[in-house]
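Work through these exercises with the model open. Each task is followed by a worked solution.

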Amino acid sequence: MSKDDELIVIAIDHGFEGIKTPHFSFTTGISEIDEPITQENVLFYDGKNYRIGTQRIDVLEDKTSTDAFRLLSYAAIAMEMDRLGLKKARVVLAVGSPIGRHAKEKEPFRQYLMGDREVKFRFSGKAYIIYIENVVVYPQCYGAIVPRLTELQSEEVIVDIGSWTVDTLYLINRSPDESRCGSDPNGLIPCMRRIDEECVKRFNTKIGENLIKDVMISGSSDLDPAYVGVIEDELKKYTKRIYHIVREQGVNVNVTPITFVGGGASLMRRYAGIDKKNIHYIEDIRANAKGYEILIKTYLRSKNIEFKG
């Protein structure tokens with residue numbers, strides 16, 4: 001690949017429930033198939049076809065233990081390249097890792113995504129060639145708040161409720177206090193598991209994540225009202241549990257400015273039953289990816305490195 005090929009920046013938030021870029025999001029699902037019925041959302045790589053965006057993958061102790069997140073990244077890259085009208089490019093990836101494990105996981109995740117530097121693949125019937133110039137790994141949670149940094153007070157707590165972890169970031173004078181940051185495995189997937197378990201107890205029936213998510217996202221569903229009632233009761237318990245986690249970390253939830261971000265921010269607003277001036281919400285599920293993009297573009301500009309987009 002020539003040095004004259006376009007250099008582009010692509011930010012990706014790799015969640016266990018969803019893959020997000022600044023402009024797109026899709027379920028973290030990938031399944032190998034023999035013969036696609038349609039080419040839409042099909043990744044063809046290394047002689048194999050993969051349907052992207054199906055039932056989400058199982059939670060992994062280590063995201064680098066399988067090829068899944070690398071392949072899902074190629075799909076995300078293709079979506080952003082198609083938006084830019086490109087089929088060939090040099091790519092700088094901006095991604096994230098849980099803030100409580102960032103120091104340990106950032107370099108292994110970076111090396112994992114570097115993979116084969118030059119990659120050829122097809123997605124949704126279109127051919128792409130990329131050369132991965134670099135991968136920069138930022139802390140999850142911090143990315144989501146980047147666009148608002150200048151608005152923050154002298155002390156702020158950011159709580160990112162993701163698919164698997166609840167990440168807590170303390171900011172003092174807009175700078176992270178790493179000594180007080182952490183990740184708790186009490187995200188939305190464990191919450192949905194508890195809801196399903198409760199439905200089995202009460203009705204001897206599992207309803208599954210997709211139907212639960214319908215209620216979580218919109219607050220309504222075509223489900224029987226009895227099931228919706230169970231879901232909403234459990235969501236109220238869950239949101240109060242999140243406040244308990246924050247309190248246990250020494251935060252005065254009545255005074256300290258707290259901003260909830262991530263997929264669970266809208267749940268906190270709707271179900272926690274707390275209306276205080278010190279509580280704020282960023283409900284855009286692509287907020288982390290947008291923040292990573294701002295951070296990497298700012299860095300590249302400081303180095304006088306030109307890029308497209």
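**Exercise 1.** Decide whether Leu113 is buried or exposed, then place Leu113 in the fold.

*Solution.* Start with accessibility. This is a predicted model, and its coordinates give Leu113 a relative accessible area of 2%. Buried means under 20%, so Leu113 is buried. Next, find the element. Leu113 lies in helix H2, which covers residues 102–114. Now list the contacts, leaving aside neighbours within four places in sequence. Leu113 touches His14, Phe69, Arg70, Ser73, Leu93, Val95, Ile132 and Val135. Finally, take one of these partners, Leu93. Leu93 and Leu113 are 20 residues apart along the chain, and their C-alpha atoms are separated by 8.6 Å.

**Exercise 2.** Find which strand holds Thr259, and which residues Thr259 contacts beyond four places in sequence.

*Solution.* Locate the strand. Thr259 belongs to E15, residues 258–261. Check its cover. The relative accessibility is 0%, so Thr259 counts as buried. Then collect the partners beyond four places in sequence. They include Ile145 and Arg148. Glu156, Val157, Ile158 and Val159 are also in contact with Thr259. His280, Tyr281 and Ile282 complete the list.

**Exercise 3.** Work out how many disulfides the chain has, and why Cys199 is not bonded to Cys191.

*Solution.* Apply the cut-off: a pair of cysteine sulfur atoms must lie within 2.5 Å. The count comes to zero disulfides. Cys181 is in none; its nearest cysteine sulfur, that of Cys141, is 7.7 Å away. Turn to Cys199. Its closest cysteine sulfur is in Cys191, 11 Å away, which is too far for a bond. Cys199 has 0% relative accessibility, so this residue counts as buried.

**Exercise 4.** Test whether the radius of gyration of the chain agrees with that of a compact globule, then describe the chain overall.

*Solution.* Take the length first. For 309 residues, a compact globule would have a radius of gyration near 19 Å. The chain has 20 Å, which agrees. Along the principal axes, the C-alpha trace spans about 55 × 50 × 30 Å. Add the secondary structure: eight helices and 16 strands. Buried residues make up 52% of the chain. Now consider contacts with a separation of 6 or more. Residues 24 or more positions apart account for 65% of them.

Finish with the surface and the charges. The chain exposes about 14,600 Å², with carbon and sulfur atoms supplying 46% of that area. There are 43 positive and 45 negative charges, and their mean positions are 3 Å apart.

How values were computed: Residues are numbered from 1 along each chain as its sequence is written. This is a predicted model: local features need pLDDT of at least 70, side-chain atom pairs count only at pLDDT 80 or more; totals for chains, interfaces and linings use all residues. Side-chain values use heavy atoms; hydrogens and water are left out. Helices (H or I, at least four residues) and strands (E, at least two) are DSSP runs, numbered from the N terminus. The radius of gyration is taken over C-alpha atoms; the globule rule is 2.2 Å times the number of residues to the power 0.38. Buried means under 20% relative accessible area, exposed over 50%, partly exposed in between (1.4 Å probe, protein chains only). Contact means heavy atoms within 4.5 Å. Accessible areas come from the Shrake-Rupley method with a 1.4 Å probe; for residues, only the protein chains shown count as cover. Lys and Arg count as positive and Asp and Glu as negative; His and the chain ends are not counted. The place of a charge is taken as NZ of Lys, CZ of Arg, CG of Asp or CD of Glu.
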